Amino acid sequence: MTAMRRALNVEWAGLAAAALIGAAVLSLLSANFLTEFNIYVMLRSASVGLLVAYAQMICLGVGQMNLAVGALGGLVAVLFGGMLEVFHFPIALAVLAAVAIGVLGGLTNGLLTVRTGINGFIITLATASAFTGINFGMTKAVPFYKMPPDLVAFGDQHIGAFPYLLAAPLVLAALLALFLFRMVPGRRLLAVGGNSHAAALSGISPGGMIVLAHAISGALAAVAAVLAVAQLGSAQPLIGGDWLLMSFAAPIIGGTALGGGDVSIVGTGFAVLVIALIQNGMVVAKVDPYWVQFLLGALVLAAVGLNRWRAVRMRGR
Amino acid sequence: MTDDAVRISPLRRFRLGGASAQLSLLVIVVALWVVFSIKSSGFLSSFNLFALGRSLAVDVVIGFSQMVVLATGGMNLAVGSIGVCAVMFGGTLMQTMGLPVPIAFALAILLGGALGWLNGFAIVRTGVSSFVITLASANLYSGAMLILTRAVPLNQLPPEVGAFGRLRIAGIVSPFLVIAAVLGVALFVLYRYSVLGRYFLAAGANPRAAAMSGVPVQRAVVTSHILSGVLAAVAGLMVVARVGAAMPAVGGEDWLLPSFLGPVVGGTLLSGGVVSVFGSFLGAGLVTTIRSGLLVMGIGNFWLQLFLGLVLLGAVLIERYRAVRIERRPFPPR
C-alpha cells in the first residue's frame with residue numbers, strides 16, 4: 001500500500017482535504033475570507049458546534065442516540081443565565097452548576113433508557129420535549145440579557161484569529177480522546193457500543209456504560225450552552241433549537257459509526273470545520289442562508305453513501 | 001397453575017394487552033374532557049369542539065404518516081418537511097399558476113408520495129438506517145423548499161380553500177375529521193385484510209424471516225415511505241385549508257413529536273410489526289385534548305411541550321410495565 005493510499009484510508013483524510021480545498025476556493029472567491037477577523041468569527045461559531053457534535057458522538061459511541069442534546073442545552077442556557085442575572089452567582093459557580101444540571105439531565109436520559117429498556121430514541125424525544133417545556137414555561141421565551149461583562153468579554157476575546165471560546169472544545173476533545181482510547185471506562189464504553197452482548201459476557205455492565213455516556217453527553221451539552229451564552233452575550237431560550245442536525249451531521253460525516261463502538265474525534269472535529277466553512281462561505285458569497293440547511297442534508301447523504309460504497313469495496317476485495 | 005389457565009398464544013396475549021391499553025387511553029381522554037369542561041365552560045362550546053375536531057384530524061393524519069413507517073420497523077423524521085413541501089407546492093400551483101384547487105391538491109399529494117419514495121429508495125439502496133436518511137432528507141427538502149419559495153407565505157389562495165376549512169357538518173364536525181376517519185378505516189382494512197398490509201407488518205416484525213418466506217421486504221419499505229409521504233401531504237393540505245394560506249412555517253420539526261406521540265401512545269411498536277390504527281387515533285386525541293385544554297384554561301402554550309413530553313414518557317413507562325407483568329405471569333400449561 002503506498003503512502004498515498006494509506007493517507008486516504010485514514011477516516012478523516014478526505015474531510016481534511018475537503019476543508020483545505022473549501023478554504024482555498026473561498027479565499028479565491030473573496031478577499032475577505034482569509035482575513036483574521038473572518039477566521040476568528042468562523043472558529044468562534046465552530047466552538048459551540050464542536051461540543052454539540054461531541055455530545056452526540058459519545059452517545060453514538062455507546063450505541064445510543066440522544067435527541068435531547070439541544071433541548072438540554074437550551075434549558076441549561078436559560079438556567080445559567082438566570083443564575084447570573086437573577087441570583088448574581090459568581091461566573092465560576094454558575095458554570096459549575098450549569099455542568100451539574102447538564103450531568104443531571106444526562107443521567108435522567110441514561111437511567112430512563114436503561115431502567116425501562118425502551119428505545120433511547122423515544123426516551124430522549126420525550127425528555128427533549130420536557131426540557132424545552134420547562135425552558136419555555138419558566139422564561140415565557142424571554143431571554144436573560146444582563147450577562148456579566150467578564151463572561152461577554154470572554155466570548156469576544158481572541159489571540160490573533162484564535163478565539164478564547166475555542167479553547168474549551170479543544171481541551172475537552174483531548175480529554176475525551178484520552179478517556180475513550182486510553183482509559184478503562186472509555187474502552188468499556190466503546191466495547192458496549194461495538195457489541196453490547198459480548199461486552200456483557202466479558203463482565204462489563206452495558207447499562208452502566210449507557211448511563212455514563214449520557215452523563216458525559218449532558219455535561220458536554222451544558223458546556224456548549226455556556227459557550228453559546230458567552231458568544232451571544234445573552235441567555236436565549238432558543239439556544240439549542242437548531243442543534244439537532246449539527247449534532248448528528250458532524251459525527252456521521254466524521255466517520256462515527258451509527259451502530260456504536262467506533263468514534264472519530266478528529267474526524268468529527270474536521271466535519272464541524274467543514275460545516276463552519278460552508279456556513280461562512282454562504283455569508284462570504286452572499287448566497288441565500290437557506291442553502292446551508294439544504295447542503296448539510298446533502299452532505300450527510302453523501303457521507304453515508306460514501307461510507308457505504310467504501311464498505312462494499314472493502315468487502316469485495 | 002393459575003385457575004385462568006386458558007391457552008393463549010403470545011400474539012393473542014399481546015393483542016389483549018393492546019386492547020386494554022387503548023381502553024385505558026380512552027378512559028384518560030374522557031377523564032381529561034370531563035376535567036377541562038368542568039374547569040372551563042368554553043371547552044364544550046360548539047366552536048371549540050369544531051376547532052378541536054379540526055386540529056385532531058391534522059394530528060391523526062400526522063400520526064398515521066409516522067405509523068405506516070413504524071409498521072415496517074423504520075422511522076420517518078421527514079414527515080414535517082414533506083408536509084411543508086406539499087403545502088408550498090400546492091400553494092404555488094393555486095396562487096402563482098392558477099390551477100384549479102382539486103388538481104393542485106392532487107399534485108401536492110403526488111409530490112408527497114414522490115418525496116416519500118425518494119426516502120424509501122435511499123434507505124433500501126444504501127442500507128443506512130431510516131433515521132439518518134430521513135434526518136438528512138428532512139433538511140434537504142425543507143432547505144430546497146425555502147430556497148425555491150424564499151420563505152414567502154402564499155396568502156392569496158382561491159377562497160374555496162379557506163371556506164373548506166371553515167365548513168361544518170351538523171354545526172360541530174369538520175369535514176377534516178371525516179377524512180381522517182376514512183383514512184383510518186382504509187389503513188385498518190389495509191393492515192387487517194390485505195396482503196400488502198401483512199407484508200408491511202411482516203417486514204417490520206422480522207425482516208430476515210419475512211424475506212425468507214418470500215415477502216418483498218425492500219418493496220414493502222419503499223411503499224410504506226410512499227404512503228407516509230402521501231399522508232404527510234394530506235396533513236399539510238389540511239393545514240392550508242385551516243389557515244387559508246400556504247405558510248412555510250408549517251410542519252418541519254414541529255410535527256416530529258406529535259407524529260411519534262400518537263402512534264406510540266396508542267400502542268404501535270417502535271421496533272415494527274405491530275400497529276394500532278385506533279390507538280393512533282386515540283393517541284392523537286390525547287395530544288389535541290391536552291393542547292386545547294391548556295389553551296382554554298389559560299396555561300398557554302409555553303408549558304405544553306413539558307406536558308406532551310411527560311405524557312409520552314408516562315405512556316411508554318406504563319406500556320413497559322404492562323409488558324414486564326405479562327412476561328412474569330406463569331405460563332399456562334401446554
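At what angle do the axes of helix α4 (residues 69-85) and helix α11 (residues 206-232) of chain A cross? The tour reaches the answer at its second stop. The model on the screen is a predicted one.

**Stop 1: chain A as a whole**

Select chain A and display it as a cartoon. Its secondary structure consists of 14 helices and two strands. Turn the chain along its principal axes: the C-alpha trace spans about 65 × 55 × 35 Å. For 317 residues, a compact globule would have a radius of gyration near 20 Å, and chain A agrees because its own value is 20 Å. Of these 317 residues, 52% are buried. Consider next the contacts in chain A with a separation of 6 or more: residues 24 or more positions apart account for 80% of them.

**Stop 2: a helix pair in chain A**

Select residues 69-85 and 206-232 of chain A, which are α4(A) and α11(A). Two packed helices are described by the angle between their axes and the distance between the axes. Here the axes come within 8 Å and cross at roughly 55 degrees, and therefore α4(A) is oblique to α11(A). The crossing is right-handed.

Now show the side chains where the two helices touch. On α4(A), the contact is made by V69(A), L72(A), G73(A), V76(A), A77(A), F80(A) and G81(A). On α11(A), the contributors include S217(A), G218(A), A221(A), A225(A) and V229(A). Colour this contact by residue class, and 12 nonpolar residues and four polar ones appear, with no charged residues.

**Stop 3: a loop residue in chain A**

Select A141(A). Where does A141(A) lie? Its place is in the loop between α6 (120-139) and α7 (149-156) of chain A. The phi angle of A141(A) is near 65 degrees, a positive value in a residue other than glycine. A141(A) counts as partly exposed because 14 other C-beta atoms lie within 10 Å.

**Stop 4: where the chains touch**

Show both chains together. How many residues does each chain give to the contact? Chain A provides 34 residues and chain B provides 34 residues. On the chain B side, the elements that each supply at least two residues are α4 (101-126), α5 (130-149), α11 (256-265) and α13 (304-328). Select α13(B) in particular, since this helix gives the most to the side of chain B that touches chain A, with 12 residues. By class, that side of chain B divides into 24 nonpolar residues, nine polar residues and one charged residue.

**Stop 5: chain B as a whole**

Hide chain A. Chain B has 13 helices and zero strands. Its radius of gyration is 21 Å, close to the 20 Å that the globule rule gives for 334 residues, so chain B is as compact as a globular protein of that length. Along the principal axes, the C-alpha atoms of chain B fill a box of roughly 70 × 55 × 35 Å. Of the 334 residues, 50% count as buried. Among contacts in chain B with a separation of 6 or more, 79% join residues 24 or more positions apart.

**Stop 6: a helix pair in chain B**

Select residues 46-71 and 217-243 of chain B, which form helices α2 and α10. Are these two helices roughly parallel or roughly antiparallel? Their axes come within 8 Å and cross at roughly 170 degrees, which means that α2(B) is roughly antiparallel to α10(B). The crossing is left-handed.

Among the contact residues of α2(B) are R54(B), V58(B), V61(B), F64(B) and V68(B). Those of α10(B) include H225(B), L231(B), A235(B), M238(B) and R242(B). The contact of α2(B) with α10(B) has 15 nonpolar, four polar and two charged residues.

**Stop 7: two exposed residues in chain B**

Select R150(B), found in the loop between α5 and α6 (159-166) of chain B. R150(B) is not a glycine, yet it has a positive phi of about 55 degrees. Is R150(B) buried or exposed? R150(B) counts as exposed, because it has 9 C-beta neighbours inside 10 Å.

Finally, select M212(B), which is found in helix α9 (residues 207-212) of chain B. With 10 C-beta neighbours inside 10 Å, M212(B) also counts as exposed. Draw a distance line from its C-alpha atom to that of T134(B): the two residues are 78 apart along the chain, and the separation is 27 Å.

Technical notes
Residues are numbered from 1 along each chain as its sequence is written. Chains are lettered from A and ligands numbered from 1 in the order in which they are written. Helices (H or I, at least four residues) and strands (E, at least two) are DSSP runs, numbered from the N terminus. The radius of gyration is taken over C-alpha atoms; the globule rule is 2.2 Å times the number of residues to the power 0.38. A residue is buried if 20 or more other C-beta atoms lie within 10 Å of its own, exposed if 12 or fewer, and partly exposed in between; C-beta atoms are placed from the backbone. Two residues are in contact if their C-beta atoms, placed from the backbone, lie within 7 Å. Axes are lines fitted to C-alpha atoms, for helices over the stretch in contact, and angles run from 0 to 180 degrees between N-to-C directions. Angles under 35 degrees count as roughly parallel, over 145 as roughly antiparallel, 65 to 115 as roughly perpendicular and the rest as oblique. A crossing is left-handed if the near helix is turned anticlockwise from the far one by less than a right angle, and right-handed if clockwise. Ala, Val, Leu, Ile, Met, Phe, Trp, Tyr, Cys and Pro count as nonpolar, Asp, Glu, Lys and Arg as charged, and the others, Gly among them, as polar.
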